[in-house]
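Here are some notes to read alongside the structure. They are set out as numbered points, so please take them in any order you like.

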Amino acid sequence: MSAPVTSDLLIVGAGGFARETAQAVRDVAAADAARGRPARWRLAGHLDDDPALHGREVDGVPVRGGSELVHELSAARVVVCVGSPRDYAVRARLVRRLGLPPERYATVVHPTAAVSGSSSVGPGSVLLAHSALTAGVRVGSHVAVMPQVVLTHDGEVSDFATLASGVRLGGGVRVGRGAYVGAGALVREYTAIGAWSLTGMGSTVLADVPAGEVWAGSPARLLRPAGAAALAELAREASVPRGAGCGPAGDAPVAAGAPAHGTKDGTGPRARRPQTRMGSPVA
C-alpha cells in the first residue's frame with residue numbers, strides 16, 4: 001500500500017470564506033501530524049482577481065495572482081471559496097469559467113466535522129468545523145458548509161449551495177442547486193429549498209421554498225424575487241436538459257465568467273413530505 005502523498009492546494013478567493021478554508025486546511029495538517037501521517041495538502045496560496053491583493057499575504061498565506069493561474073499551476077489541487085448573500089451565484093460562474101475537470105478539485109473536511117460512513121461529499125466542497133452529516137446525506141460539488149451546520153438523515157444538498165453557520169436541516173430536506181440558506185435557519189423535515197433561492201438568517205422554514213425567491217421570517221414567507229445574478233443562473237439552467245449534470249439531485253450543469261474576488265461568502269425535484277409519526281416516515 002503506497003504512502004499518502006502531500007498535494008499543493010490553491011484556494012481561489014481571499015475573503016472570509018477562503019480564510020476559514022485555509023485555517024481548516026491547517027487544522028487538517030495538524031490532525032494528520034498528530035496521527036503520524038503526512039499532511040494531505042500543502043497550502044500553495046490564494047488566487048484572487050483583485051490586483052490590489054496580488055503579492056500580499058492573507059493570514060500568512062500569499063496571494064499569488066489571479067484565478068487563471070490554476071491553469072499554469074496544473075499540479076495543484078483547487079478549491080473555490082467565493083460568494084456572499086449579495087452574489088451567491090459567483091462560485092458557479094467562476095467554476096464554469098475555469099473549466100477544470102472534477103479531479104482537480106479538493107474536498108476539504110475540517111477534522112472536527114462528523115461525516116457518517118453512509119454520507120458523501122462531492123469535489124470542491126468545504127465542510128467547516130463541527131458540521132455534521134448524520135446518515136445517508138448527499139452533498140454535491142462546490143458546496144459551502146459553514147461551522148456547526150447539521151444535515152440529518154437522507155438530506156440532499158445540490159451543487160453550489162451554501163449553508164451558513166448554524167443551519168439545521170431536518171431529515172429528507174432537499175436543498176436545490178446554488179441555494180443560499182442563511183445563518184441559524186431551521187428547515188422542517190422533507191421540505192424542499194428551491195434552486196438559487198435565498199433563505200434569510202434565523203428563518204424557520206415549514207413549507208417548500210420555490211426556486212429563485214427570497215424567503216425569511218418565522219415561519220418563513222416570500223419577501224421578493226432573488227437577485228439578478230441568481231435569476232440569471234436559474235434561467236440559464238432552464239434551457240439545459242434535466243439529468244445532464246452530476247449533482248446529487250441530477251441538476252443540470254452550470255455553463256460562464258465571474259471574477260474571483262475575496263468576498264465571504266434547485267430546483268431539484270420537490271420532496272413530497274410523507275406522513276410522519278414522531279418525525280419519522282411512516283412505512
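1. A small question to begin with: which glycine follows H1, and is its phi positive or negative? The residue is glycine 36, and its phi is positive, near 75°. Please keep in mind throughout that this is a predicted model.

2. Now the helix itself. H1 covers residues 16-34, which makes 19 residues. At 1.5 Å a residue a span of 27 Å is expected, and the end C-alpha atoms are indeed 27 Å apart, so the two values agree. The buried residues of H1 are Phe17, Ala18, Thr21, Ala22, Ala24, Val25, Val28, Ala31 and Asp32. When you look at that list, it helps to recall that an α-helix has 3.6 residues a turn, so residues three or four places apart point the same way. Among the buried positions, Phe17, Thr21, Ala24, Val28 and Ala31 can be followed along the helix with this in mind.

3. For the overall picture, the protein chain has 283 residues, of which 50% count as buried. Its secondary structure comes to 4 helices and 26 strands. The accessible surface is about 11900 Å², and carbon and sulfur atoms account for 56% of that.

4. How are the strands of the open sheet ordered? There are 6 of them, in the order S7-S10-S13-S16-S19-S22, and the pairing is parallel. Strand S7 (114-115) and strand S22 (204-205) are at the edges; each has a single partner strand, so one side of each has no neighbour in the sheet. Inside this order, S10 (residues 132-133) pairs with S13 (residues 150-151) in the parallel sense over 2 bridges. There you will find alanine 132 opposite valine 150 of S13.

5. A further group of strands is worth a look. Strand S21 (residues 198-199) runs parallel to strand S23 (residues 213-217), and 2 bridges join them. Here leucine 198 stands opposite valine 214 of S23. On to the next pairing: S23 and strand S24 (residues 220-225) are antiparallel, with 5 bridges, and a hairpin of 2 residues joins them. Valine 214 appears in this pairing too, opposite arginine 224 of S24.

6. Staying with arginine 224, its place is in strand S24. Is it buried, exposed or partly exposed? Its relative accessibility is 46%, so arginine 224 counts as partly exposed. Leaving aside neighbours within four places in sequence, arginine 224 is in contact with Glu213 and Val214. Arginine 224 and valine 214 are 10 residues apart in sequence, and their C-alpha atoms are 5.4 Å apart in space.

7. The largest nonpolar core has 28 residues, and the members that touch the most others are Val70, Val80 and Trp196. The elements giving two or more residues to this core are strand S1 (7-12), strand S2 (41-47), helix H2 (69-72), strand S5 (77-80) and helix H3 (90-98). H3 gives the most, with 5 residues. As for valine 70, its contacts are Leu10, Val12, Leu47, Val78, Leu98, Leu100 and Arg104, not counting residues up to four places away in sequence. Apart from this core lies another, of 24 residues, including Val149, Leu151, Ala185 and Val209.

8. You may like to compare this with a residue on the surface. Alanine 75 lies in the loop between H2 and S5. With a relative accessible area of 74%, alanine 75 is exposed. Alanine 75 and leucine 9 are 66 residues apart in sequence, yet 9.1 Å apart in space from C-alpha to C-alpha.

9. Lastly, the aromatic rings. The count comes to 1 aromatic pair, formed by tyrosine 88 and tyrosine 180. The pair is tilted, at 5.8 Å centre to centre with 50° between the planes. Why does this pair tie together parts that are apart in sequence? Tyrosine 88 lies in the loop between S5 and H3, whereas tyrosine 180 belongs to strand S18 (residues 180-181), so the pair links parts 92 residues apart in sequence. Tyrosine 88 is buried, with a relative accessible area of 6%, and tyrosine 180 is buried as well, at 8%.

Methods
Residues numbered from 1 in each chain as written. Predicted model: local features only at pLDDT ≥ 70, side-chain atom pairs only at ≥ 80, totals over all residues. Heavy atoms only, no water. Pairing = 2+ DSSP bridges. Core = buried A, V, L, I, M, F, W, Y, C linked by side-chain atoms within 4.5 Å. Buried < 20%, exposed > 50% of the residue type's maximum accessible area, 1.4 Å probe, protein only. Contact = heavy atoms within 4.5 Å. Areas by Shrake-Rupley, 256 points an atom, 1.4 Å probe, with all protein chains shown as cover. Expected span 1.5 Å × (residues − 1). Phe/Tyr/Trp six-rings, centres within 6.5 Å; stacked < 30°, edge-to-face > 60°.
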